[in-house]
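Subject: The structure for you to look through

Dear colleague,

I am passing on the structure we talked about, and below it I have set out what I found, in an order that I hope is easy to follow. Please keep it open beside this email while you read.

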Amino acid sequence: MGNVFVFDHPLIQHKLTYIRDVKTGTKEFRELVDEVAMLMAFEITRDLPLQDVEVNTPVTTANAKVLSGKKIGLVPILRAGLGMVDGVRKLIPAAKVGHVGLYRDPKTLKPVEYYVKLPSDIHERELIVIDPMLATGGSANDAIEALKKRGAKHIRLMCLVAAPEGVELIKKEHPDVDIYLAALDERLDEHGYIVPGLGDAGDRLFGTK
């Protein structure tokens, strides 16, 4: 069963408070999301494997550690997921980035892929699906399905805030996917918004309504 990790690091929680604040403007919101994404990436990568190497220092030779070559892939869900990618890449600059764009057909309610562009070797990569909001869980579920049907084997989900309903859906449909959150909020309202949430992450990132 996939695990759910809620990060209680003081810097993450401090910055998340200002992300939630309705008075926070687009520029500051975008910068804060970038910073929290970087801090979350630090926590998410805690279990990446290391290997021993020998390195020459200015003084002598030292036995040291480097990442053991496990490939990372970042997959933001368009469009709000874009706001978190650069923060993660500051820590993992070699990670390749794919993109998944989905919308739900209003008649059939089935997901429609309008854009999927992924690294050719996704089956070898540890993939981090990125979306600031995990509300009903529909978009994340569809994105994970899109990756799995293309051969992805190792997937993690990274979100700023989530509702219990979305977490439960992902746990039920994808028990092999670990979920990483800055906050697990109370519930969804009647319109499907996370409460207390932070509003529409895409609109607040890009200044749209």
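Which residue stands opposite A162 in β10? The residue is L134, and that pairing is a good place to enter the model, which, please remember, is a predicted one.

The chain as a whole

The secondary structure of the protein chain comes to six helices and 13 strands, and its C-alpha trace spans about 65 × 40 × 30 Å along the principal axes. A compact globule of 209 residues would have a radius of gyration near 17 Å, and the 18 Å of this chain agrees with that. Of these 209 residues, 44% count as buried, and if you take the contacts between residues at least 6 apart in sequence, 62% of them join residues at least 24 apart.

Strand β10 and its partners

Strand β10, which covers residues 154-162, is mostly covered, with eight of its nine residues buried. Strand β8 (residues 126-130) runs parallel to β10 and is joined to it by five bridges, one of the pairings being that of I128 with R156. Strand β9, made of residues 133-134, also pairs with β10 in the parallel sense, over two bridges. A further parallel pairing, over six bridges, is that of β10 with strand β11 (residues 178-184), where A162 has L184 as its bridge partner. Between these two strands the chain crosses from β10 through helix α5 (residues 164-173) to β11, in a β-α-β crossover that is right-handed. A right-handed β-α-β unit is also made by β9, helix α4 (residues 138-148) and β10.

A polar contact between β8 and β10

E126 lies in strand β8, and at a relative accessibility of 7% it counts as buried, because the cut-off for buried is under 20%. The side chains of E126 and R156 are joined by a polar contact of 2.7 Å. If residues up to four places away in sequence are left aside, E126 touches K70, K71, I72, G73, H154 and R156.

The aromatic residues

How many aromatic pairs are there in the count? The count comes to two. One pair is formed by F5 and Y180, which are stacked, with 4.9 Å from centre to centre and 15° between the planes. This pair links distant parts of the chain, since F5 belongs to strand β1 (residues 4-6) and Y180 to strand β11, and the two residues are 175 apart. The two partners can also be described by their accessibility: F5 is partly exposed, with a relative accessible area of 32%, whereas Y180, at 5%, counts as buried. Together with F7, the residues F5 and Y180 form one aromatic cluster.

Helix α3

In helix α3 (residues 82-91), the residues G83, M84, V85, G87 and V88 are buried. As you look at them, it may help to recall that an α-helix has 3.6 residues a turn, so residues three or four places apart point the same way. The buried residues of α3 pack against α2 (26-44), β4 (72-76), β5 (96-97), β8, β10 and α6 (201-206), so that strand β10, with which this email began, comes into view again here.

With best wishes

Note on methods. Residues numbered from 1 in each chain as written. Predicted model: local features only at pLDDT ≥ 70, side-chain atom pairs only at ≥ 80, totals over all residues. Heavy atoms only, no water. Buried < 20%, exposed > 50% of the residue type's maximum accessible area, 1.4 Å probe, protein only. Helix = DSSP H or I, 4+ residues; strand = E, 2+ residues; numbered from the N terminus. Pairing = 2+ DSSP bridges. Right-handed = clockwise from strand over helix to strand, strands pointing away. Phe/Tyr/Trp six-rings, centres within 6.5 Å; stacked < 30°, edge-to-face > 60°. Polar contact = N/O pair within 3.5 Å; in protein donor to acceptor, adjacent residues only side chain to side chain. Contact = heavy atoms within 4.5 Å. Rg over C-alpha atoms; globule rule 2.2 N^0.38 Å.
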